[in-house]
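Thank you all for coming. Please have a look at the model on the screen, and then I will walk you through how some of its helices and strands are arranged.

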Amino acid sequence: MRFLVRQNNRHSQSASGDSADGSLNTIRAQANDLLSEADAAIRRALGNGDSESFLRAGRQQGGQ
Amino acid sequence: MPRCAPLFGVETEYAVTGLRHGAPLEREAVIHGMMHAARQQLVHLPDFCSGGTFLENGSRFYIDCGQHPEMSSPECTDPCSVVRYVHAGHRIISQLAAAAAAQHGPGTEVICSLCNVDYSDTQATWGSHESYRHCMSPAILQPQLVPHLVSRIIYTGAGGFQPLSAGLEFSLSPRIAHFQCIESSDSTCRRGIYHTKNEPLSRDGSHRLHIICGESLCSQTALFLKVGTTALIVAMGEAGVNPGGDVQLESPLQALRMFAADPSCKKPAHMKNWRRMTAIEIQRHYLRQAEDHLHYSFMPSWATDVCLLWREVLDRLAEDPPSTNRMLDWSLKYSLYADQAAKMGIPWARLTFWNEIANRLAIALRNAGVSEPLLRLEAIVGPNSPVREEADRLTSFLRSKEMRWDDLRRILGMRARFFEIDTRFSELGQKGIFNALDAAGALQHRLDAVGDIEIATATPPAMGRAHIRGEAIRRLSAERGDWRCDWQNITNFADGRVLDLSDPFVAEEVWRDSSVLELGADTSRTRVLAYIERMRRGLS
């Protein structure tokens with residue numbers, strides 16, 4: 001496919017040409033990586049703040 | 001049937017929160033700061049009447065009703081350009097937010113996000129509206145599009161939580177909670193799946209389909225598909241193909257809600273022809289129609305690319321929905337939130353059960369006229385409960401299932417944290433969760449053909465009136481004059497000259513002199529405005 005380029009993807013090259021077991025391992029590794037990166041990103045984004053206060057501070061009228 | 005060259009655009013409404021050392025800032029001050037920064041830092045011309053601006057990349061930045069910043073992309077001729085300019089808009093907004101924060105001194109942060117819904121009980125929502133040029137009767141278009149708009153959420157959904165639920169209900173498309181009917185002309189109260197507004201913003205006889213039921217997305221893949229697939233269905237409808245003919249839903253609103261609540265993408269909806277179809281099956285029907293007509297002249301040159309990606313995503317969703325969790329917003333959120341729930345000891349697999357209990361309690365409280373927050377579960381289900389009868393009934397029911405209120409207490413206790421995560425997911429800038437994952441190389445959503453987003457922050461699209469507008473803004477912003485810009489013209493009130501942009505595909509600057517108009521207007525300003533109005537109506 002011309003359009004879908006897996007930029008920034010650590011595992012995409014190693015996945016090609018893998019055996020079935022290798023592919024499965026790659027997919028598992030990707031899933032684990034994603035969740036551990038996400039966990040770190042969530043901690044960085046939220047810090048130790050109070051979520052209730054954050055939501056109150058964001059109260060607004062909204063749009064369309 | 002007349003056929004229109006495709007042209008699209010996307011309006012993005014941003015939620016904004018200003019914090020100084022953790023305390024909220026006045027929204028008006030934050031918004032004012034962003035607009036001030038735009039006037040100082042961006043090459044622009046002022047718009048006609050909203051106090052907003054048109055920028056050198058052909059887009060429009062302004063403050064919309066509800067006091068939020070909004071960016072309208074320039075008119076684009078292919079879906080990749082839409083993705084490029086929407087993301088360019090995010091970068092500009094991010095830069096303005098940083099400038100507004102700097103105005104308030106150290107310790108200030110201005111958070112802009114694409115969070116679509118507000119979780120603080122205001123029932124507020126921020127839209128992402130799409131515009132598609134077409135040359136058919138809007139009434140013909142409605143039945144072609146509604147099944148698509150209902151079922152496309154399996155790849156266009158932003159993901160998040162049902163904002164009107166008392167519990168913690170994951171939704172593929174949380175914004176749909178604010179849609180109450182199939183068709184409507186309203187965009188702030190009684191919203192409809194199909195929006196009947198038809199404001200062409202051109203005088204070439206074409207119409208502008210305005211879709212308001214979509215959501216702002218972080219994923220380039222999801223945004224590309226949202227615009228690309230919808231544009232192909234509009235093109236087929238315009239050519240008389242009748243792409244939605246065999247997939248009419250019995251109850252579009254009910255189907256929309258059911259699809260949004262089903263991350264497995266396997267639940268079928270009732271169709272008017274007595275069949276039942278899943279969202280994937282409805283989408284496959286549209287995809288087949290598009291693939292069957294790829295060689296027809298009414299299909300745009302990029303149709304093959306849209307169909308290839310469309311097929312890949314539908315195949316993945318059919319085989320294994322989690323396999324899309326690095327390319328689609330909702331799917332990524334679903335994986336992340338399930339993982340976070342497990343870490344917090346929340347029984348994610350039993351959320352549906354507990355949400356039903358929470359909603360029953362909330363209804364009982366509402367019926368009793370009690371505004372007690374559900375968070376105070378002890379008081380609600382305790383011996384002095386204001387809804388004693390319902391609380392006792394539910395307690396007995398839980399006992400019969402060998403379950404306890406503890407699970408719901410834990411869920412409600414973490415509800416605000418999940419809502420903050422969802423709001424921070426799409427936060428612009430490096431701190432945003434999606435952006436952080438993208439920077440870490442954990443995602444698979446980018447499209448090579450989107451091109452250089454940074455260049456698009458200051459360069460208009462290569463074709464159409466957006467190109468002429470952007471180039472003119474860059475030049476005129478440095479010249480003397482009383483300039484005002486609109487989608488259909490740029491006007492100099494100082495000398496009465498008007499640049500006519502009412503043809504969406506105008507290829508060169510054509511200036512008109514409004515003084516030729518004899519209207520008996522007593523000032524040059526009213527004469528110019530009268531001239532522009534006549535020009536819009538095709539009279540000059």
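Let us begin with two helices of chain B in this predicted model, helix H5, which covers residues 220–238, and helix H8, which covers residues 303–319. Their axes come within 10 Å and cross at roughly 120°, and since an angle counts as roughly perpendicular from 65 to 115 degrees and as roughly antiparallel over 145, H5(B) and H8(B) are therefore oblique to each other. The crossing of H5(B) and H8(B) has a hand as well, and it is left-handed.

Which residues in H5(B) meet H8(B)? On the side of H5(B) they are Thr221(B), Phe224(B), Leu225(B), Gly228(B), Thr229(B), Leu232(B) and Ile233(B), and on the side of H8(B) the partners are Ala303(B), Asp305(B), Val306(B), Cys307(B), Leu309(B), Trp310(B) and Val313(B). If we sort the residues of this contact between H5(B) and H8(B) by character, we find 10 nonpolar, 3 polar and 1 charged.

Now let me turn to a second pair of helices. Helix H1 of chain B, residues 27–41, packs against helix H2 of chain B, residues 79–103, at an angle of about 115°, and the two axes are 8 Å apart. That angle makes H1(B) roughly perpendicular to H2(B), and the crossing of H1(B) and H2(B) is right-handed. H1(B) contributes residues including Val30(B), Met34(B) and Gln41(B) to the contact, while those from H2(B) include Ile93(B), Leu96(B) and Gln103(B). The residues of the contact of H1(B) with H2(B) divide into 9 nonpolar, 5 polar and no charged.

From the helices we can move to the sheets. One open sheet in chain B has 7 strands, and if you trace them across the sheet, you read the order S4-S5-S6-S7-S1-S9-S14, with antiparallel pairing. At the edges you will find strand S4, residues 44–46, and strand S14, residues 207–211, of chain B, each of which pairs on one side only. From one strand to the next, the twist averages 20°. Within this part of chain B, strand S1, residues 8–13, and strand S7, residues 68–72, run antiparallel and are joined by 3 bridges, and Glu13(B) stands opposite Glu70(B) in S7(B).

Which strands does H1(B) touch as it packs on the sheet? They are S4, S5, S6 and S7 of chain B, and the direction of H1(B) makes about 160° with that of S6(B). H5(B), which we met at the start, also packs on the sheet, where it touches S1, S9 and S14 of chain B, and its direction makes about 30° with that of S9(B).

There is also an open sheet of 4 strands in chain B, in the order S17-S18-S19-S20, and the pairing is antiparallel. Strand S17, residues 483–485, and strand S20, residues 511–513, of chain B each have a single partner strand, so one side of each is left without a neighbour in the sheet. Strands S17(B) and S18(B) pair over 3 bridges in the antiparallel sense, and Arg484(B) has Thr491(B) in S18(B) as its bridge partner. Helix H16 of chain B, residues 464–476, lies across S17, S18, S19 and S20 of chain B, running at about 25° to S18(B).

Finally, a word on the domains. Chain B is divided into domain 1, made of 1–113 + 447–540, and domain 2, made of 342–423, and the C-alpha centres of these domains of chain B lie 47 Å apart.

Key:
Residues are numbered from 1 along each chain as its sequence is written. Chains are lettered from A and ligands numbered from 1 in the order in which they are written. This is a predicted model: local features need pLDDT of at least 70, side-chain atom pairs count only at pLDDT 80 or more; totals for chains, interfaces and linings use all residues. Side-chain values use heavy atoms; hydrogens and water are left out. Axes are lines fitted to C-alpha atoms, for helices over the stretch in contact, and angles run from 0 to 180 degrees between N-to-C directions. Angles under 35 degrees count as roughly parallel, over 145 as roughly antiparallel, 65 to 115 as roughly perpendicular and the rest as oblique. A crossing is left-handed if the near helix is turned anticlockwise from the far one by less than a right angle, and right-handed if clockwise. Contact means heavy atoms within 4.5 Å. Ala, Val, Leu, Ile, Met, Phe, Trp, Tyr, Cys and Pro count as nonpolar, Asp, Glu, Lys and Arg as charged, and the others, Gly among them, as polar. Domain bounds come from an automatic or database domain assignment. Two strands pair if DSSP finds at least two bridges between them.
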